[in-house]
Amino acid sequence: MKNTYLYLAILIVLATITYFVVTRDPSNTLNIEESDFAVESVDKIHKIFIADRNNRTATVTRKDGYWEYTNQVGQTFKARPAAIEILLKTIQNVDVRYMVQDAAVTMAVDDLATNGKKVELYDKRGKRFKTYYVGGPSNDMQGTFMIMEGSENPYVTHLQNWEGFLTDRFLLAEKDWRDKTVFSYSSKNVKTIQIDYPKQQSNSFVLTQVKNGKFEIEPLYPTTNKINKPVLNQQALAYLYKFEKLVAEAIENENPHRNEISEKLPFATVQITTKDGEQKTVKFIPVIEQVEEVEENVKSRPKIQRYFAFVNGNEDVFLVQQLLFGEIFWGYEFFFEK
């Protein structure tokens, strides 16, 4: 009997503790509808629209195997995969820490009004199914103010096992959203690659894939002596593989010296033509960095680390690394038996 009373007393104590924990924990009194920021199945999302108070907008739309970014003037580009991955993981895993208490509601609402980004989520049919606003960090810098459209109650949200705030994961700038891929070609789809070295004309060439895995290599300039040796087809194929994925370091479209730089003599101009007629021309202009004097009035020759890559004239400008793109700067004689 004594044991029975003891067990009963323990149960009463535990029930009392549970009651106070549940009633005192703000997260247990949340309004489910107005705090339901996360989307468990991101496959449901087919379009995301983001906007801020300065009329900057970004739209990303799911396509067949990739996402497309649309800027605020309606131009479309392939979206950067890493940016999409981060955004979807944020939308999927955002979690409420607590509802903002009465004393701090005014501050939170003011922050959302000033710094908030509007986020709209659309399904495959184009129907908007969720809209909320993402503000700045909470006072402890461990959470982010968010509020559902139509709600009067702001919340502090976070990601489990991640420190920081979420605002910067909802990107707006074109340079942050655009895919920085310069070359992305399947070797089977390449018809010709032409490389022109203006200062080293004897190294310039035209590579033609006459059929899969079989190549012809010709000098670009008629003044270059033609090499009458067998073409190393495997070596030429290995060269094509280098164009399957080459990504720039940064987009330089807003560089104030863009037009001036474009008029300089390039180190190399690469032109690729695919079997379906697509053509891309990329002009590589070295980034010349200032070097210190090593002797009186003599400067050491700068080593090229980067290039400005001008695509199709002046359509786009990328900053690319010699470490990566140097692998495509082959010379005419490299493709033949010795």
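Let's start with helix α2, which covers residues 81-93: its 13 residues reach 18 Å from the first C-alpha to the last, close to the 18 Å expected at 1.5 Å a residue. The buried residues of α2 are Ala83, Ile84, Leu87, Leu88, Thr90 and Ile91. They sit on the same side of α2, because they cover an arc of only 160 degrees around the axis. Among the elements that cover these buried residues are β1, β6, β7 and α4 (174-177). Please keep in mind as you read that this is a predicted model.

## A second helix to compare

Helix α3 can be read in the same way. Here are the two helices side by side.

| Helix | Residues | Number of residues | First to last C-alpha | Buried residues |
|---|---|---|---|---|
| α2 | 81-93 | 13 residues | 18 Å | Ala83, Ile84, Leu87, Leu88, Thr90, Ile91 |
| α3 | 102-115 | 14 residues | 20 Å | Val105, Ala108, Asp111, Leu112 |

For α3, the reach of 20 Å is close to the 20 Å expected at 1.5 Å a residue. Look down its axis and the buried residues fall within an arc of 135 degrees, so they line one face of the helix. Ala103, Thr106 and Thr114 are exposed on the other side of α3. What do the buried residues of α3 pack against? Their partners are β7 and β8 (144-148).

## Strand β6 and its partners

Strand β6 spans residues 117-122 and is mostly covered, with five of its six residues buried. Strand β1 (residues 47-51) pairs with β6 in the antiparallel sense over five bridges, and Phe49 stands opposite Glu120 of β6. Strand β7 (residues 128-137) also pairs with β6 in the antiparallel sense, over six bridges. Here, Leu121 has Lys130 in β7 as its bridge partner. Five residues lie between the strands in the hairpin of β6 and β7, where Gly126 takes a positive phi near 85 degrees. As a general reminder, strands of a sheet pair through backbone hydrogen bonds, either parallel or antiparallel.

Now follow the chain from β1 towards β2: the loop between them holds Asp52. Is Asp52 buried or exposed? It counts as buried, because its relative accessibility is 13%, and the cut-off for buried is under 20%. Leaving aside neighbours within four places in sequence, Asp52 is in contact with Gly116, Lys117 and Leu172. The C-alpha atoms of Asp52 and Tyr133 are separated by 9.3 Å, although these residues are 81 apart along the chain.

## An open sheet of eight strands

Elsewhere, eight strands form an open sheet with antiparallel pairing, in the order β13-β12-β11-β16-β17-β20-β21-β15. Its edge strands are β13 (214-219) and β15 (250-251), each of which pairs on one side only. Within this order, β16 and β17 (residues 279-286) pair over six bridges in the antiparallel sense, and Thr273 stands opposite Gln279 in β17.

On the edge strand β13 you can find Glu216. This residue counts as partly exposed because its relative accessibility is 43%. Beyond neighbours within four places in sequence, Glu216 is in contact with Val206, Leu207, Thr208 and Val210. The C-alpha atoms of Glu216 and Val206, ten residues apart along the chain, are separated by 8.2 Å.

## Two nonpolar cores

Which residues have the most contacts inside the largest nonpolar core? They are Phe183, Tyr239, Val270, Phe284 and Ile328, in a core of 36 residues. Helix α5 (residues 233-241) supplies the largest share of this core, four residues. There is also a second, separate core of 32 residues, which includes Ile45, Tyr155, Leu166 and Trp177.

Val270 is worth a click in the viewer. Apart from neighbours within four places in sequence, its contacts include Phe183, Ile195, Phe243, Val282, Phe284 and Ile328.

## How confident is the prediction?

The chain averages a pLDDT of 87, and 87% of the residues score at least 70. Where is confidence lowest, and where is it highest? Helix α1 (residues 2-24) is lowest, at a mean of 41, while strand β16 (residues 268-274) is highest, at 98. Over residues 1-28 the pLDDT is below 50, and this stretch has six contacts in the model beyond near neighbours in sequence. Residues 290-294 also stay under 50, with eight contacts beyond four places in sequence. Where pLDDT is low, the predicted coordinates should not be read in detail.

Technical notes:
Residues are numbered from 1 along each chain as its sequence is written. This is a predicted model: local features need pLDDT of at least 70, side-chain atom pairs count only at pLDDT 80 or more; totals for chains, interfaces and linings use all residues. Side-chain values use heavy atoms; hydrogens and water are left out. Buried means under 20% relative accessible area, exposed over 50%, partly exposed in between (1.4 Å probe, protein chains only). Helices (H or I, at least four residues) and strands (E, at least two) are DSSP runs, numbered from the N terminus. Two strands pair if DSSP finds at least two bridges between them. A nonpolar core is a set of buried Ala, Val, Leu, Ile, Met, Phe, Trp, Tyr and Cys residues joined through side-chain atoms within 4.5 Å. Contact means heavy atoms within 4.5 Å. pLDDT is the predictor's confidence in each residue, from 0 to 100. The expected span of a helix is 1.5 Å times one less than its number of residues. The arc is that of the directions from the helix axis to the C-beta atoms.
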